[in-house]
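Visitor: I would like a close look at one part of this protein. Please keep it brisk, and then set that part in its context.

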Amino acid sequence: MASNLDLKMNGIRVVAICLLFLPAAASLQFRPQIPKTWDEQALKEFELPLAGLGRSPTHVSPDYYYRIPVTAIPKTYPVYSPDREPPGYLTWLKRQEPQSAIDFQSLKTKDDWIRAGELVFNAPFRVAEGVSTEDLRHFSGGALYPKTARDGTYPYVRYWVAKKGDVRAFFTVCGSCHTRVLDDGTVVPGAQGNMNERVFHAEDLASGRADLASWLTRMKQNSTVPWRRPDPADVNPSFSREQAIAVEQSIVPGTFIRTGTNPLFPPKMPDLIGVENRRYLDATGLVQHRSIGDLMRYAALVDGMEQLSSYEGFRPFGSLPDPKTIVRHSDEALYALALYIYSL
């Protein structure tokens, strides 16, 4: 029979063992420290001066930014190559109700936040827009989707349900540029993308769905450098429709037209793998990466906020719109996105 002393010692051992596990259990509770994305002081020191201008752009104020409504992140569904699509798939999709993809209040662990960030990465760009299910499927096997994933999907695009019976499709906000499908069908998120979105835009021009005047205006706004003489964007308004189509067709996978770039000289898409350890972002390295907050700011700029910036008072895209007419991602969504990118 065990003595009272033995029993007490065994009890002490049990308590000691339990205490050993307390730090590990506590570490599972992830308490995110979410920076303010549109921090005025951080934005002032965020970018290096532009060549020829001697200063960085001036971005919209925090008051303006935080009056922009937060965009929803809908539940999305894969887009299959037509020859690999499950029977009745689109019919089933049209019976679904719209759903939200993320409840940030329910996220408990860091892995939860990373998984949420993956959903942001693969959310459709501007969920209020979109095209029909057929508009993106008919490019199957063409130059738009050079590779199909092993499961028969195109990981660069997603379906979502706008309302029951109304299924839309569009390129994903980050994944369409930063996802690569290898020859064996392996999907590599964060790698230099190999989808060629410009094929879609070239066909829009060729079919007449896209207005040439609007295309020319957008290219001028994207590439103007008004402090340079001559402005390299001045040639764009003289393009014919055939020349505009040729410009779109000339842009190869792995490059992309971005705000502040010339469509005749599109910059390369950098990969995002290992980006946590890079101190500068963007193809030109003009954006400092000092913290996760900087990656959140950069993501917000690329997502559309850079089109609202001014250069010594000049705004390439015109006067600021009513903030209620545009959308942005929440700080929580951008934080989750940054954590996911860091995980790659």
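Which elements each supply at least two residues of the lining of the second largest pocket?

Guide: Four elements do. They are β1 (76–80), α5, β2 (153–163) and β5 (187–189). Keep in mind that this is a predicted model. β2 gives the most to the lining of the second largest pocket, with 5 residues. In total, 23 residues line the second largest pocket. Nearest its centre lie T76, E118, N122, P155 and R158. The volume of the second largest pocket is about 360 Å³.

Now follow α5 away from the pocket. Helix α5 spans residues 110–121. Besides lining the second largest pocket, α5 supplies at least two residues of the largest nonpolar core. The helices α3 (62–65), α10 (292–302) and α11 each do so too. That core has 42 residues. Its largest share, 10 residues, comes from α11. W38, M305 and L337 have the most contacts inside the core.

Take W38 as a worked case. Leave aside its neighbours within four places in sequence. W38 is then in contact with L43, H59, V60, S61, P62, Y65, Y66, R297, A300, L301 and M305. M305 is thus a partner of W38 and is also named among the residues with the most contacts inside the core. There is a second, separate core as well, with 20 residues. L90, V167, F171 and M195 are included in it.

Next, the whole chain. The protein chain has 11 helices and 7 strands. Of its 344 residues, 45% are buried. Consider the contacts with a separation of 6 or more: residues 24 or more positions apart account for 71% of them. The chain exposes about 17700 Å², and carbon and sulfur atoms supply 55% of that area.

Finally, confidence. The mean pLDDT of the protein chain is 86, and 86% of the residues reach 70 or more. Among the elements, helix α11 (residues 331–343) has the highest mean pLDDT, 98. Helix α1 (residues 4–27) has the lowest, 49. Over residues 14–20 the pLDDT is below 50, and this stretch has 0 contacts beyond near neighbours in sequence. Residues 22–27 also stay under 50. For residues 22–27, the model has 0 contacts beyond four places in sequence. Where pLDDT is low, the predicted coordinates should not be read in detail.

Notes
Residues are numbered from 1 along each chain as its sequence is written. This is a predicted model: local features need pLDDT of at least 70, side-chain atom pairs count only at pLDDT 80 or more; totals for chains, interfaces and linings use all residues. Side-chain values use heavy atoms; hydrogens and water are left out. pLDDT is the predictor's confidence in each residue, from 0 to 100. Helices (H or I, at least four residues) and strands (E, at least two) are DSSP runs, numbered from the N terminus. Contact means heavy atoms within 4.5 Å. Buried means under 20% relative accessible area, exposed over 50%, partly exposed in between (1.4 Å probe, protein chains only). Accessible areas come from the Shrake-Rupley method with a 1.4 Å probe; for residues, only the protein chains shown count as cover. A nonpolar core is a set of buried Ala, Val, Leu, Ile, Met, Phe, Trp, Tyr and Cys residues joined through side-chain atoms within 4.5 Å. On a 1 Å grid over the protein atoms alone, a cavity is a set of points where a 1.4 Å probe fits but cannot get out, and a pocket is an open set with protein on both sides within 12 Å along at least five of seven lines; lining residues have an atom within 4 Å of a point. Grid points are joined across faces, edges and corners, and a volume is the space filled by probe spheres set on the points.
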